[in-house]
Amino acid sequence: MSSSLTVPYLAGEPYINGFVVDSHPTLTDLMEAPTARWDQYLINCIPGNVVFQCDLMGFGTQSDKISDYHCRHLANRNTADGILAAFELIKDEYDVIGEDLPLYNVGYSQGGYTSMGFLRYMEQEASEEEKAKIKITKTFSGSGAYDINIMFDECFKIPNYQYSHYLIKGILTTYEYHPESYNQYGVKVEDYLTEYGKEFLAPLREKNNAALEEVLNRVDPTTGERVYKGPISVFNQEYLNKDSNLNKAVVAACEKENLLDRNWYPQGEIDIYYSPYDTMVTPKCTEAAIKIFKEERDDLDNVEIIKATDNIDHRPYGTKFYISVLIELLTNVILEN
């Protein structure tokens with residue numbers, strides 16, 4: 001596991017009031033680990049909390065896996081193992097019992113999906129040892145898709161969505177990981193791709209982030225416009241038919257990963273931050289997921305859904321998410337203690 005553990009000091013002495021587990025894996029920057037990102041600096045500003053961050057939630061650098069969708073159960077277990085290891089380290093080094101302190105589960109972007117998945121894991125799948133020692137006080141979940149089934153459903157309705165290469169990568173990675181699901185429907189992904197779309201396959205298979213971004217950001221020299229214009233520029237029209245064999249193959253591949261079980265919603269205390277105008281996370285998917293969350297969750301008293309409408313760019317909105325978490329922890333946690 002590649003991870004970082006930050007212990008706060010005050011006046012030269014360790015100052016430990018709790019733990020923050022910070023997740024920010026991403027599908028777009030395959031080689032860029034969250035422990036080297038700007039969110040680390042914001043989350044590490046939280047005084048009194050040991051900050052635990054792991055790259056792709058327990059799978060080393062992001063070049064090792066293309067999508068955290070494809071390793072979520074093992075990733076959650078690895079994260080729990082990492083937290084227990086952090087508790088042991090803090091106990092040995094500082095004589096602090098980690099399991100006696102509050103633990104805050106924070107995730108943004110793809111980490112928003114992971115943070116909710118980790119909470120669900122602790123509630124429904126964790127071992128007795130994990131449940132005895134890891135007690136999540138609260139989850140802060142920012143701008144994640146939350147439910148891949150909804151993602152596919154909604155993206156078919158909005159084929160020209162600005163950031164739909166998020167969906168393209170989902171389809172291409174399910175093909176790479178489970179080609180048998182495609183074979184059973186007689187689907188060859190190349191047959192569904194435009195000439196431009198075929199250029200995504202080689203860098204995706206090679207996990208070559210630079211080459212992938214080059215294809216994504218290519219500009220037509222004659223018009224000066226970006227070649228990428230959503231899935232319609234990557235997939236032939238048959239892809240846009242929800243009942244196509246390609247879509248059936250994608251669903252079959254996702255089912256192998258237990259991604260369509262509809263039991264994604266956890267019961268613990270959560271603050272969900274999202275923007276209906278986010279340029280990176282499909283807003284319709286998030287809104288649909290939240291609708292189901294409201295309908296199917298037994299108790300919404302411990303859920304606060306915060307809708308941000310004043311920013312349409314993903315990264316500045318992410319900064320606002322972390323600042324919001326920082327302020328809440330400062331005002332409602334640190335000052336109360």
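**Exercise 1. State how E129 and K133 are placed in the secondary structure, and then describe how their side chains meet.**

Solution. E129 and K133 both belong to helix 4, which covers residues 128–133, and they stand four residues apart, about one turn of the helix. The structure examined here is a predicted model. As the next step, look at the side chains: those of E129 and K133 meet in a salt bridge, with 4.0 Å from N to O. Side chains of opposite charge can pair when their charged atoms come close. Finally, consider the accessibility of the two partners. A residue is called buried under 20% relative accessible area and exposed over 50%, with partly exposed in between. E129 has a relative accessible area of 47%, so E129 is partly exposed, and K133, at 25%, therefore counts as partly exposed.

**Exercise 2. Decide whether R120 and E125, which form a salt bridge, are buried or partly exposed.**

Solution. Begin with the pair itself: the side chains of R120 and E125 meet in a salt bridge, at 2.8 Å from N to O. Next, take each residue in turn and apply the cut-off of 20%, under which a residue is buried. R120 has a relative accessibility of 9%, so R120 counts as buried. E125 has a relative accessibility of 35%, and therefore E125 counts as partly exposed.

**Exercise 3. Describe the salt bridge between E328 and K138, and find which parts of the chain the pair links.**

Solution. The side chains of E328 and K138 meet in a salt bridge, with 2.4 Å from N to O. This pair links distant parts of the chain, since E328 lies in helix 14 (residues 314–334) while K138 lies in strand 7 (residues 136–142), and the two are 190 residues apart. Turning to accessibility, E328 stands at 15%, so E328 counts as buried, and K138 has a relative accessible area of 11%, so K138 is buried. As a last step, ask which residues are linked with this pair: K138, E269, D271 and E328 are linked in a network of salt bridges.

**Exercise 4. Place these pairs in the setting of the whole protein, using its salt bridges, secondary structure, burial and contacts.**

Solution. A search of the whole structure finds seven salt bridges, and the protein has 14 helices and nine strands. Of its 337 residues, 57% count as buried. Among contacts between residues at least 6 apart in sequence, 79% join residues at least 24 apart. To finish with the surface, the protein exposes about 14200 Å², of which carbon and sulfur atoms supply 49%.

Note on methods:
Residues are numbered from 1 along each chain as its sequence is written. This is a predicted model: local features need pLDDT of at least 70, side-chain atom pairs count only at pLDDT 80 or more; totals for chains, interfaces and linings use all residues. Side-chain values use heavy atoms; hydrogens and water are left out. Buried means under 20% relative accessible area, exposed over 50%, partly exposed in between (1.4 Å probe, protein chains only). Contact means heavy atoms within 4.5 Å. Accessible areas come from the Shrake-Rupley method with a 1.4 Å probe; for residues, only the protein chains shown count as cover.
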